[in-house]
Structures are given as structure tokens and as C-alpha cells.
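Here are my notes on the model you sent round. Please read them with the coordinates open.

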Amino acid sequence: MEWSDEGIVLNVRRHGESAAIVSLLTLGHGRHAGLVRGGASRRMRGFLQPGNTVSATWRARLEEHLGTLTVEPMVSRAVLYDQPGPLAALTAATALVEAALPERAPHPRLYHLLAELLEDLDRPGWAESYIRWEIRLLADLGFGLDLGSCASTGSNDGLAYVSPKSGRAVSLSAGEPWREKLLPLPRFLAPDGGPPDIGQLDEGLRLTGWFLERHVFAPHNARTPDARERLVGYLRGLDAARQDIV
């Protein structure tokens, strides 16, 4: 069994003295792991980092085997490594993909969405880009949110809430009787929303976090990756005047 593909590094675990088990999100073969001989060496550690893109060839005697990976560097995300916020978002995104995707199931759209996010993390507005990526992740997994119109009236005016069950937006007037049971819709995610402030970013992460927990992790008795919780904590600890976020 053999294939060649490009992949984004999700996770690297040392194996023995010099090898590493590397998990990739590949374009054509989904989330796929393999043994990289020499993967713990100084040369390979430099590019076998989460978020980097590599060219990979996987080989195994049988399809169900772990197999071996031969990898070569393609795109480095080292520019993000000395930026605490974008690095936290990179780590959260790769950890979510590693935890949420079934192994070896192709997700080509998500591959491109993750690559686009990694590019956006080096630009202003990176936190908003991350939250919108989580919404697209949910959609790719079959749990899309409908934030474009009110579930009750069909209008896109005055949207203020999200149903925790259906994932559909609800207007301020229609949701008033049940507001204690509804999730707040961050203004920047509404059709007429503008740039977010820190408070709206926190609301956005709570919104996507609710549906990730409900639909992706809880059914498998799993928990949200710690890396995502660290990103949430990082954003909550920021001063609202930080312009590199909003």
C-alpha cells in the first residue's frame, strides 16, 4: 500500500529514540498518521511542527497498518511561533482537527479551510478568522449553524440569539420569552454585523464551543481539547484595547 499527498501537521509524538508518530490532515486521505524514521532528529524537528505543510509518502504492507511516512517540508508557519495569540489559535485548530475528525476519512474542503486559516493568523483580525473557521468546521462535520435569518420569522433583522438545539438564529423580539435558554449571537456574526470587540469574540467562542461539545465531543464521551481552552483563556485575559486582536 502506498500513496503520496500533501498534508498539514496536526500532532507529533516521539517514538523510541529517534522516530516520531506524525499525524497529518492530508488533502486526499483525511487525517492520517504514520511512523517517521528520524522524526525526532534536530533536522526534522525543525519542520515537523503543528501547522506546517509537508509533502508526504505513506507506505504499509496492509492498509490497516500504521505504516511509515516519508516527509519533506513545503510551507513553514514559523512566523506565528513568536506571536502568542496566533500561535494559540494554530495549536487550538490543529488539536480540534486531530480530535474531531475520523481517521482516514477524506475532508478536502476542511483541508483548504485549515490552510486558509493558517494564512489568516498572520493578519489583523486573526481571532475573528479563527471563530469563523470553527463555524465552518462544524458545517464540514454535518452540524452547520444557520445565522442568516430568524428561525421563527424568517427575517434577518434584529437577530440576537441562537437556539442551542437547532443552531438557528432568533430575533430579539421572537426570542424574548425564552432568552434565558438561548445563546447570545455575537453582533459580528449577524448579517449586518461589523468588526468584533473582545467581548464579542468571547461570545463567539462560547457559541461555537457549545456546539462542538454537544455534537462532536459529548457523543463520544470526549472533551474539548485543552489547546482550545487555552485559546479561550488567552483572549479573556486580554485588555479590550488590544488592536492586534480586533
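The points below take the helices, then the strands, then a few single residues.

1. Status. This is a predicted model. Every remark here should be read with that in mind.

2. Helix 4 against helix 7. Helix 4 spans residues 126-140 and helix 7 spans residues 226-236. Their axes come within 13 Å and cross at roughly 145°. The crossing is left-handed. On the helix 4 side, the contact is made by Trp 126, Ala 127, Tyr 130 and Glu 134. Helix 7 contributes Arg 228, Leu 231, Tyr 234 and Leu 235. By class, that gives six nonpolar and two charged residues, with no polar ones.

3. The buried side of helix 7. Which residues of helix 7 are buried? They are Ala 227, Arg 228, Leu 231, Val 232 and Leu 235. Around the axis they cover an arc of only 145°, which puts them on the same side of helix 7. The spacing fits a general rule: an α-helix has 3.6 residues a turn, so residues three or four places apart point the same way. The cover over these buried residues includes helix 2 (84-100), helix 4 and helix 6 (198-217). Note that Arg 228 is a charged residue, yet it is on the buried list. Arg 228 also belongs to the contact with helix 4. Leu 231 and Leu 235 likewise appear both among the buried residues and in that contact.

4. Gly 233. This glycine lies in helix 7. It counts as partly exposed, at 42% relative accessibility. Its C-alpha atom is separated by 10.0 Å from that of Ala 88, and the two residues are 145 apart along the chain.

5. The four-stranded sheet. It is open, with strand order 6-8-7-9 and mixed pairing. Where are the edges? Strand 6 (146-150) and strand 9 (183-184) are the edge strands, each pairing on one side only. Strand 7 (residues 159-162) runs antiparallel to strand 9, and two bridges join them. Val 162 stands opposite Leu 183 of strand 9.

6. Strand 1 and its partners. Strand 1 covers residues 2-15, and seven bridges join it to strand 4 (residues 53-59). That pair runs antiparallel. Glu 2 has Arg 59 of strand 4 as its bridge partner. Eight bridges link strand 1 to strand 2 (residues 19-26), again antiparallel. Here Val 9 is partnered by Leu 24 of strand 2.

7. The hairpin turn. Three residues sit between strand 1 and strand 2 in their hairpin. Gly 16 takes a positive phi there, near 70°.

8. Two positive phi values to check. Most residues other than glycine have a negative phi, and most peptide bonds are trans. Arg 104 is not a glycine, but has a positive phi of about 65°. Arg 104 is found in the loop between helix 2 and helix 3 (108-120). With a relative accessible area of 27%, Arg 104 is partly exposed. Asn 221 is not a glycine either, and its phi is positive at about 55°. Asn 221 is found in the loop between helix 6 and helix 7. Asn 221 counts as exposed, at 77% relative accessibility.

Conventions. Residues are numbered from 1 along each chain as its sequence is written. This is a predicted model: local features need pLDDT of at least 70, side-chain atom pairs count only at pLDDT 80 or more; totals for chains, interfaces and linings use all residues. Side-chain values use heavy atoms; hydrogens and water are left out. Axes are lines fitted to C-alpha atoms, for helices over the stretch in contact, and angles run from 0 to 180 degrees between N-to-C directions. A crossing is left-handed if the near helix is turned anticlockwise from the far one by less than a right angle, and right-handed if clockwise. Contact means heavy atoms within 4.5 Å. Buried means under 20% relative accessible area, exposed over 50%, partly exposed in between (1.4 Å probe, protein chains only). The arc is that of the directions from the helix axis to the C-beta atoms. Two strands pair if DSSP finds at least two bridges between them.
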